Amino acid sequence: MLGVDIGTTSTKAVLFSKRGQVRSQFAVEYPLYTPELGAAEQDPDEILQAVLTSIREAVRLGNISENELSHVSFSAAMHSVIAIDEAGTPLTKSITWADQRSEKWAKKLKEEWNGHEIYLRTGTPIHPMSPLAKLIWLRNDHPMVFEKAAKFISIKEYVFHKLFGEYVVDHSIASATGLFNLKDLTWDEGALTIAGVSPEQLSRIVPTTEVLRGMKPEVAVVLGISAEVPFVVGANDGVLSNLGVNAVQPGVVALTIGTSGAIRTVTDSPVTDPKGRTFCYALTEKHWVIGGPVNNGGMIMRWLRDELCGEETEEAGLAGMDPYDVITSRIASIKPGSEGVIFHPYLTGERAPIWNGNARGSFFGLGIHHKKEHMMRAVLEGINLNLYTVLLALEEIIGIPDKIHATGGFARSEVWCQMLSNIFNQQVSIPESVESSCLGAAVLGLYALGEIDSFDVMAEMVGSTNSYTPEAEAVETYKELTPIFIRLSRLFQQEYDEIVKFQQR
């Protein structure tokens with residue numbers, strides 16, 4: 001079974017056995033284009049080629065015969081928008097979740113156009129990431145492109161149209177647009193009116209378990225597989241990551257840190273937050289994933305490495321080590337709490353829980369006695385404290401979780417994992433699942449084809465490598481610092497807007 005994940009930085013295809021063992025994998029990276037302030041775009045045809053290449057190479061490397069491939073199932077990043085004309089030619093690049101150009105329209109939607117009511121119906125927080133905000137921006141700031149567009153689609157819809165010649169969007173990707181009514185499982189009339197689009201300009205809505213057969217013969221030749229192999233439309237990467245780390249049972253929370261990050265848990269029906277802090281996206285019609293995404297995860301550690309830790313990076317190069325290992329070893333020498341230095345990691349604005357694209361980063365509490373190592377530790381603590389504030393919002397809706405499964409690149413760091421356990425005051429387990437979104441997609445495919453009737457099979461596929469238990473003294477330190485961290489971000493709301501105006505000038 002082949003799981004394909006169309007991500008923000010690359011597309012990965014992983015060939016699994018029916019028991020979840022990796023047979024082969026292949027990934028193709030592609031660039032992010034930033035032609036103007038706030039822009040974050042990708043070329044849809046570069047991504048299409050990455051999808052075709054990764055599938056072909058994963059199948060080739062797996063050395064399987066044509067009839068051994070059970071199915072191909074898809075995961076994809078959320079919130080992308082591509083305007084296309086009648087011929088299916090892109091009028092824009094793929095405008096990604098990270099694009100900030102609709103900021104002023106998101107703000108207007110939230111403050112003047114009853115955006116909160118739309119959120120409560122659609123489950124997508126009002127933010128520049130939302131395709132709803134992007135469509136309002138296109139209609140107002142690029143009217144010629146908007147008027148010429150026959151359809152507005154996501155990158156996964158673009159890929160499926162090239163493979164099968166039809167436009168379909170699954171409940172999961174649709175539920176991340178701000179245009180999809182969670183209760184009725186159809187396009188939301190109020191949201192469409194504000195966006196200025198008709199249902200005909202959007203794709204046909206299908207369940208995440210929708211199966212397409214009869215791929216275009218010329219594409220099948222390129223992929224080296226039969227045109228009749230079932231292709232499962234699949235879901236978005238976030239909800240499939242929960243499935244891929246076996247965090248689909250009540251009370252189990254998945255925490256993922258990659259370039260960005262997220263905290264998610266599964267409920268059996270749609271749930272939105274009266275305060276608008278969390279999302280609600282579909283996995284299946286019986287599984288709904290609620291939680292919050294953060295912009296500032298691994299990319300902040302990369303910033304720390306590149307801008308503040310040149311000495312550590314040079315040392316790592318000379319010793320043949322990973323720079324992050326040197327950085328975390330220095331961090332480990334500083335006591336929890338960084339002797340009162342607090343870092344807000346909002347270098348790229350922030351989504352959950354404050355949903356403010358204008359938020360900016362800051363160090364607070366610096367004294368003459370502090371060293372660079374205190375700032376280094378404060379950066380990592382700031383990332384984790386911000387994630388904890390998302391969990392606090394989630395706890396108001398679902399209660400305190402029973403288990404936390406942490407995944408992503410930094411789950412390999414003992415310092416990071418122990419800090420996470422201390423800040424969250426929870427036991428944290430590290431699943432051994434590889435490429436969780438791809439595995440989640442592949443298993444969703446088994447479910448779609450009727451080969452399994454529940455997701456309980458994930459328990460046999462996903463083990464645990466390590467677990468971390470809270471340390472009492474550190475827990476008390478973070479309990480004292482967390483309220484200060486939260487209050488500061490609230491106090492700075494007006495200052496964020498003012499400093500951004502200054503920076504833009």
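Ile-342 counts as buried in this predicted model, because its relative accessibility is 5%, and the cut-off for burial is under 20%. The residue belongs to strand β19, which covers residues 342–344. Leaving out residues up to four places away in sequence, Ile-342 touches Ser-362, Phe-363, Phe-364, Leu-481, Ile-484 and Phe-485. Of these partners, Phe-363 and Phe-364 fall within strand β20, whose range is 362–364. A further reference point is Arg-377, which stands 35 residues from Ile-342 along the chain, with 9.4 Å between the two C-alpha atoms.

The loop that follows β19 and leads to β20 contains Pro-353. The peptide bond that joins Ala-352 to Pro-353 is cis, and its omega is near -5 degrees. Most peptide bonds are trans.

On the other side of β19 in sequence, the loop between α13 and β19 holds Ser-338. The phi of Ser-338 is near 50 degrees, a positive value in a residue other than glycine. Ser-338 has a relative accessible area of 0% and is therefore buried. A second residue with positive phi is Asn-114, where the angle is near 60 degrees. Asn-114 is placed in the loop between α2 (103–111) and α3 (115–122). With a relative accessible area of 51%, Asn-114 is exposed, whereas Ser-338 is buried. For both angles the background is that most residues other than glycine have a negative phi.

Helix α13 itself spans residues 323–331. Because 7 of its 9 residues are buried, this helix is largely enclosed by the rest of the structure. The buried residues are Pro-323, Tyr-324, Val-326, Ile-327, Thr-328, Arg-330 and Ile-331. Their cover includes four other helices, namely α11 (298–308), α12 (310–319), α14 (372–398) and α15 (414–424). At the start of α13, Asp-322 places a side-chain oxygen within 2.9 Å of the backbone nitrogen of Tyr-324.

Helix α11, part of the cover of α13, also contains Asp-306. Asp-306 is partly exposed, with a relative accessible area of 44%. Its C-alpha atom is separated by 37 Å from that of Met-461, a residue 155 places away along the chain.

Attention now turns to an earlier part of the chain. Ser-73 is a residue of strand β5, which runs over residues 72–76. Its relative accessibility is 0%, so Ser-73 counts as buried. The side chain of Ser-73 reaches the backbone oxygen of Ala-441 at a distance of 2.7 Å. Apart from residues up to four places away in sequence, Ser-73 touches Leu-2, Gly-3, Val-4, Val-232, Gly-234, Ala-441, Ala-442 and Gly-445.

Three of these partners, Ala-441, Ala-442 and Gly-445, lie in the range of helix α16, residues 436–448. Ser-436 is also found in this helix. Its relative accessible area is 12%, so Ser-436 is buried. When neighbours within four places in sequence are set aside, Ser-436 is in contact with Leu-240, Ser-241, Gly-244 and Val-245. In an α-helix there are 3.6 residues a turn, so residues three or four places apart point the same way.

These local descriptions can be set within the chain as a whole. The secondary structure of the protein chain consists of 19 helices and 23 strands. The radius of gyration is 22 Å, close to the 23 Å that the globule rule gives for 505 residues, so the chain is as compact as a globular protein of that length. Along the principal axes, the C-alpha atoms fill a box of roughly 70 × 50 × 45 Å.

Buried residues account for 59% of the 505 residues. Where contacts join residues at least 6 apart in sequence, 71% of them connect residues at least 24 apart. The accessible surface amounts to about 20,300 Å², and carbon and sulfur atoms contribute 49% of it. As for charge, the chain carries 43 positive and 62 negative side chains. The centres of these two sets lie 2 Å apart.

Notes
Residues are numbered from 1 along each chain as its sequence is written. This is a predicted model: local features need pLDDT of at least 70, side-chain atom pairs count only at pLDDT 80 or more; totals for chains, interfaces and linings use all residues. Side-chain values use heavy atoms; hydrogens and water are left out. Helices (H or I, at least four residues) and strands (E, at least two) are DSSP runs, numbered from the N terminus. The radius of gyration is taken over C-alpha atoms; the globule rule is 2.2 Å times the number of residues to the power 0.38. Buried means under 20% relative accessible area, exposed over 50%, partly exposed in between (1.4 Å probe, protein chains only). Contact means heavy atoms within 4.5 Å. Accessible areas come from the Shrake-Rupley method with a 1.4 Å probe; for residues, only the protein chains shown count as cover. Lys and Arg count as positive and Asp and Glu as negative; His and the chain ends are not counted. The place of a charge is taken as NZ of Lys, CZ of Arg, CG of Asp or CD of Glu. A polar contact is a pair of N or O atoms within 3.5 Å; within protein, one must be able to donate a hydrogen and the other to accept it, and residues adjacent in sequence count only if both atoms are side-chain atoms.
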